[in-house]
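Trainee: Please show me how to read this structure. I would like to start from the outside and work inward.

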Amino acid sequence: MHSLPPAATWACNAAARPNPVAPRLNGTLSSMASQPRSAAKQRRRRLQATATDFEDYILDLQSRIIQGAEELDGSGLRFQHDRWTRSADNPNAGYGITSERARAMSSRGRAAIDPAGGQGYSAAAMSLVFHSAHPLIPTLRADVRLFEVEGLVWYGGGCDLTPFYLDDGDVRQFHGFWKQQCDKHSDKASTRLCWWGNNGAALGCKLYPAFKAECDRYFYIPARKEHRGVGGLFFDDIEAGPAAGYDVEQVMFVRDVGDGILPSWQPIVQRQRQQPFSEAQRQWQLLRRGRYLEFNLLYDRGVKFGLDGGRIEAIMVSAPPLIAWRYNVQPEAGSEEERLVQVLSQPRDWA
């Protein structure tokens, strides 16, 4: 991460993390023990191809997003590359899922997760947060990820927007972009293109309303009784349904989400970056960034789990580079600041 004065402070992380307890998706997994040898071998090959392809994909995606963001910024500055490998001396390096994370995952219906923890796992993910220095350019957060335990693979990800001043056209464009992406994968004839709940029941094929609602639910600050931003998409625990076989459609949807991250935000940056702003607007941005940090430290699952043996710099890099805090700040009645807070108190349908 580095500061880009004309536009933003940006961070873009990618990681593939096979855990030493279990080789990355190509070992003899316990869930395959009762399968015929040929079927187990075919499933291992499919899982290995899924994980390896996805790892290659997120590394390529990170490279493309970094190049695009540097061009969009236009300052000539470049991202700092900080490569890191988990050390064998790390006391967490040889362990499986922690008991805290296992309980949280199993409580969301992942039957393959032992609540006691200790299972080996593999993971690959690309995540980013773009904090703009311009108060009229909203913060962008996005990720795509794969997680494997006991031969089962789940996908997750999303993309959401946190503005400091509300431009209805910007928000409608952002949500419209993601609805269009979701609609490409909605209402197809095959059940493989629907999404399945943990009880085996189809959740339906209308992806945008479901993932938009989940985004609104997840990025909520109960202590403030307001949402962190104006939402977007958020999905977790996505796996192929009983009739799905190889999870081609899930992979294609997640890749479309990854490929759409920068294009969903770029038009907003290009429209707003030349707009003048006042010092008062800048100070409001810094105050609202404080809410962003509150959510990350108090409620974000990824941050809380990452602090349990993770790399602190990579975890905290999502924090805004500069924030402000004042006691009991109340926006002026009828102001644009008040309008933002009112919208964040009650999610809207934007697309």
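Trainee: How much area does the protein chain expose, and what share of it do carbon and sulfur atoms supply?

Mentor: Accessible area comes from the Shrake-Rupley method with a 1.4 Å probe. Here the protein chain exposes about 16600 Å², with 51% supplied by carbon and sulfur atoms. This is a predicted model: local features need pLDDT of at least 70, side-chain atom pairs count only at pLDDT 80 or more, and totals for chains, interfaces and linings use all residues. Residues are numbered from 1 along each chain as its sequence is written, and side-chain values use heavy atoms, leaving out hydrogens and water.

Trainee: What percentage of the residues count as buried?

Mentor: Buried means under 20% relative accessible area (1.4 Å probe, protein chains only). Of the 351 residues in the protein chain, 48% are buried.

Trainee: How many helices and strands are there?

Mentor: Both are DSSP runs, numbered from the N terminus: helices are H or I with at least four residues, strands E with at least two. The protein chain has nine helices and ten strands.

Trainee: Which residues of helix 4 are buried?

Mentor: Leu 207, Tyr 208, Phe 211, Lys 212, Cys 215, Asp 216 and Tyr 218.

Trainee: How many cavities of 30 Å³ or more does the structure hold?

Mentor: A cavity is a set of points on a 1 Å grid over the protein atoms alone, where a 1.4 Å probe fits but cannot get out. The structure holds five of 30 Å³ or more.

Trainee: Which helices each supply at least two residues of the lining of the largest cavity?

Mentor: Lining residues have an atom within 4 Å of a point. Helix 4 (207-218) and helix 9 (336-345) each supply at least two.

Note on methods: 1 Å grid on protein atoms, 1.4 Å probe; cavity = no way out; pocket = protein on both sides within 12 Å on 5 of 7 lines; lining within 4 Å. Points joined across faces, edges and corners; volume = space filled by probe spheres on them. Buried < 20%, exposed > 50% of the residue type's maximum accessible area, 1.4 Å probe, protein only.
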